[in-house]
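Biologist: Please take one part of this model and go through it closely. I would like to know what it pairs with and how it sits in the whole chain.

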Amino acid sequence: QVQLVESGGGLVQAGGSLRLSCTASGRFASINGMGWYRQAPGQQRELVATITSGGDTNYANSVKGRFTISRDNAKNTIYLQMNSLKPEDTAVYYCNAEVKPLFYNNYRDCWGQGTQVTVSS
């Protein structure tokens with residue numbers, strides 16, 4: 001069983017910074033892509049940023065130039081450095097990973113429990 005544990009959320013003023021972390025733990029064969037998604041109240045969950053095992057990244061247009069995703073494969077951990085935060089960045093941020101369980105051939109989507117990010121104006 002795989003667990004994704006996020007940390008680093010909190011309350012920050014507009015223009016401030018936060019750094020989120022997500023670590024995958026448990027027994028699994030490998031992890032492919034990982035990423036961050038967010039969901040604001042009354043809205044659908046949306047992609048924030050993703051990163052492949054090789055380090056290729058993809059960002060939502062709304063966060064380009066402000067957020068940076070990075071990855072430490074040895075620690076099965078990804079990070080999201082969020083700078084110049086805006087009130088519209090307020091949401092629950094979820095970690096996602098494509099994980100291949102032991103003795104399985106296919107990758108499965110795994111999700112963390114989410115961490116709240118609140119940006120005050």
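Modeller: What follows goes from the whole chain to one group of paired strands, and then to a single serine.

This is a predicted model, in which local features need pLDDT of at least 70 and side-chain atom pairs count only at pLDDT 80 or more, while totals for chains, interfaces and linings use all residues. Numbering starts from 1 along each chain as its sequence is written, and side-chain values use heavy atoms, with hydrogens and water left out.

The protein chain has 11 strands and zero helices; both are DSSP runs numbered from the N terminus, a helix being H or I with at least four residues and a strand E with at least two. The radius of gyration is 14 Å, close to the 14 Å that the globule rule gives for 121 residues, so the protein chain is as compact as a globular protein of that length. That radius is taken over C-alpha atoms, and the rule is 2.2 Å times the number of residues to the power 0.38. Along the principal axes, the C-alpha atoms fill a box of roughly 50 × 25 × 20 Å. Of the 121 residues, 41% count as buried, that is, under 20% relative accessible area, with exposed meaning over 50% and partly exposed in between (1.4 Å probe, protein chains only).

The part to look at closely is strand E9, residues 91–100. E9 is mostly covered, with seven of its 10 residues buried. Two strands count as paired if DSSP finds at least two bridges between them. E9 has such a pairing with E4, antiparallel and held by eight bridges; in this pair Ser30 is matched with Lys100 of E9. E9 also runs antiparallel to strand E10 (residues 108–111), over four bridges, and there Val99 has Arg108 as its bridge partner. With strand E11 (residues 115–120), E9 forms three bridges, again antiparallel. Val92 and Gln116 are bridge partners in that pair.

From E4 the pairing can be followed further. E4 (residues 30–39) is joined to E5 (residues 46–51) by five bridges, and the two run antiparallel. One matched pair here is Tyr37 with Leu47. Six residues lie between the strands of this hairpin, and Gly42 takes a positive phi near 75°. E5 in turn is antiparallel to E6 (residues 57–59), through three bridges, with Thr57 as the partner of Ile51. In the hairpin of E5 and E6, five residues separate the strands and Gly55 has a positive phi near 100°.

Another strand, E3 (residues 18–26), holds Ser21. Ser21 is buried because its relative accessible area is 17%. Leaving aside residues up to four places away in sequence, Ser21 touches Val5, Glu6, Ser7, Trp36, Ile78 and Tyr79, contact meaning heavy atoms within 4.5 Å. Ser21 and Ser120 are 99 residues apart along the chain, and their C-alpha atoms are separated by 21 Å.

For the chain as a whole, among contacts between residues at least 6 apart in sequence, 56% join residues at least 24 apart.
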